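Visitor: I have a structure to look at and plenty of questions. Could you walk me through it?

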2 protein chains.
Amino acid sequence: MTTRWLTPEEQRAWRAYIAASQLLEDAIDRQLQQEAGMPHLFYSVLANLSEAPDRRLRMTDLAESLKITRSRLTYAVTRLERDGLVRRENCRWDKRSSLAVLTDAGTAVLERTAPGHVETVRANLFDRLTPEQVRQLEEICTGITRGLQGDDAEAGVGDVPWRRRSSCSSSRPTDS
Amino acid sequence: MTTRWLTPEEQRAWRAYIAASQLLEDAIDRQLQQEAGMPHLFYSVLANLSEAPDRRLRMTDLAESLKITRSRLTYAVTRLERDGLVRRENCRWDKRSSLAVLTDAGTAVLERTAPGHVETVRANLFDRLTPEQVRQLEEICTGITRGLQGDDAEAGVGDVPWRRRSSCSSSRPTDS
DNA sequence: TAGGTTTGTTTCAAACTTGAACCAAGACGA
DNA sequence: TCGTCTTGGTTCAAGTTTGAAACAAACCTA
């Protein structure tokens, strides 16, 4: 089977994407490490909880929403719990589950650091995009996501064994 | 100063981007770990070297091209060297520098695994994008990159003779 | 309702990343 | 030429991620 190599346009796009995502994530991580003392993922955990009804979420749902492994989330929550920003609670209906709950301290950290975070995202991303490009980016990314966790067809070489179930989402300025 | 929060459109785009980049990188890492026994970054090191004149690059130039810290590259090259895929060489003109050189074994691994990698990138990204979207993605990403590193460090440094900043030398099927 | 499977979560060791500190070599100015 | 600054690279410890394995609670199903 002969490989369908990337076309020159695709190569350029791919390289540009790799570079941009690397640099962007680095910048955001650096900023959050500075201002909030935690990496982007941990901040996203707090942000996600803050938007959840009752500020709490099952570990699995949270992991699903963040697109990370449960193992990775366990580590993050453990650290955030140690810092008093999150607390674990047992689920009353399913004794296997545990809930991550945003504490008041966690809320405070979020409120204090959200402006700086949003500013960084803005400065490095949205201030450089036209409204049209914002739309394009969303379109492109939702397409990729759909493909990778397939609401439709299965495609791709790799596949994720854990999937399914979605939960809350809404809007709030805290951002992810 | 009041924060300029993200608009709903920007929020949607941002969340979509975070999810997509996370899932995409995971898929690629998983595939490469399977087929090549190394994470994406390590593969990119090999790919980048394979495109360099003489299959060798100064550590700093390689790090720059990959948009990673020198420290991180040191670790990667050390591991790749242990596996015999890369070799270190001293720079004759600048005794501080060391060069990373792609070995024959490294080339072989690259040639063996490139098709699978490209297939993954294709299946999960480009097969889901229209040609127009490929263009848009490149445009968006180059803009971001320019903002993140061009802003401050665009001074055209006078290239010293031996410092051929050769970065990307165009097209080759190996991809990054 | 016992036994087997699935689901939710954690644990653990190995791998990788980060950032500051360190060392050596080149560049530069007085 | 000496002293100082800069550049190229590595080292080290602490932090994070990975993936497989371990557990326990729910869910079948015969």
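Guide: Sure, let's go through it one question at a time.

Guide: Some ground rules: this is a predicted model, where local features need pLDDT of at least 70, side-chain atom pairs count only at pLDDT 80 or more, and totals for chains, interfaces and linings use all residues. Residues are numbered from 1 along each chain as its sequence is written, chains are lettered from A and ligands numbered from 1 in the order in which they are written, and side-chain values use heavy atoms, with hydrogens and water left out.

Visitor: In what order do the 3 strands of the sheet in chain A come?
Guide: Helices (H or I, at least four residues) and strands (E, at least two) are DSSP runs, numbered from the N terminus. Two strands pair if DSSP finds at least two bridges between them. In chain A the sheet is open and its pairing is antiparallel, with the order E1-E3-E2.

Visitor: Why is one side of E1 and of E2 in chain A left without a neighbour?
Guide: Strands of a sheet pair through backbone hydrogen bonds. Strand E1 (56–58) and strand E2 (86–90) of chain A each have a single partner strand, so one side of each is left free of a sheet neighbour: both stand at the edges.

Visitor: Which residue stands opposite Leu57(A)?
Guide: E1(A) and strand E3 (residues 98–102) of chain A run antiparallel, joined by 3 bridges. Across from Leu57(A), in E3(A), you'll find Ala100(A).

Visitor: What angle does helix H4 of chain A make with E2(A)?
Guide: Axes are lines fitted to C-alpha atoms, for helices over the stretch in contact (heavy atoms within 4.5 Å), and angles run from 0 to 180 degrees between N-to-C directions. Helix H4 (residues 70–82) of chain A packs on the sheet and touches E2 and E3 of chain A. Its direction and that of E2(A) make about 115°.

Visitor: How many disulfides are there over all chains?
Guide: A disulfide is a covalent bond between the sulfur atoms of two cysteines. The rule here asks for a pair of cysteine sulfur atoms within 2.5 Å. For Cys141(B), the closest cysteine sulfur is in Cys141(A), 8.5 Å away, so that pair is too far apart for a bond. By this rule, the count over all chains is 0.

Visitor: Is Cys141(B) buried or exposed?
Guide: Buried means under 20% relative accessible area, exposed over 50%, and partly exposed in between (1.4 Å probe, protein chains only). Cys141(B) has 4% relative accessibility, so it counts as buried.

Visitor: What area is buried between chain B and chain A?
Guide: Buried area is the accessible area (1.4 Å probe) that two parts lose on being put together, summed over both. The contact takes 71 residues from chain B and 71 residues from chain A. Carbon and sulfur atoms give 64% of the buried area, which is about 6,600 Å².

Visitor: How many salt bridges are there between chain B and chain A?
Guide: A salt bridge is a side-chain nitrogen of Lys or Arg within 4 Å of a carboxyl oxygen of Asp or Glu. The structure holds 30 salt bridges over all chains. One pair is Arg4(B) with Asp127(A), at 3.3 Å from N to O. Between chain B and chain A, the count is 8.

Visitor: Which residue forms a salt bridge with Arg15(A)?
Guide: The closest N and O atoms of this pair are 3.0 Å apart. The pair crosses between chains, from helix H1 (residues 8–36) of chain A to helix H2 (residues 40–51) of chain B. Both residues are buried, and the partner of Arg15(A) is Glu51(B).

Visitor: Is Arg96(A) buried or exposed?
Guide: Arg96(A) meets Asp94(A) in a salt bridge, 2.9 Å from N to O. Asp94(A), at 21% relative accessibility, counts as partly exposed. Arg96(A) has a relative accessible area of 76%, so it is exposed.

Visitor: What is Thr145(B) in contact with?
Guide: Thr145(B) lies in helix H6 (residues 131–150) of chain B, and at 11% relative accessibility it counts as buried. Leaving aside neighbours within four places in sequence, its contacts are Ala16(A), Ala19(A), Ala20(A), Leu23(A), Lys67(B) and Gly150(B).
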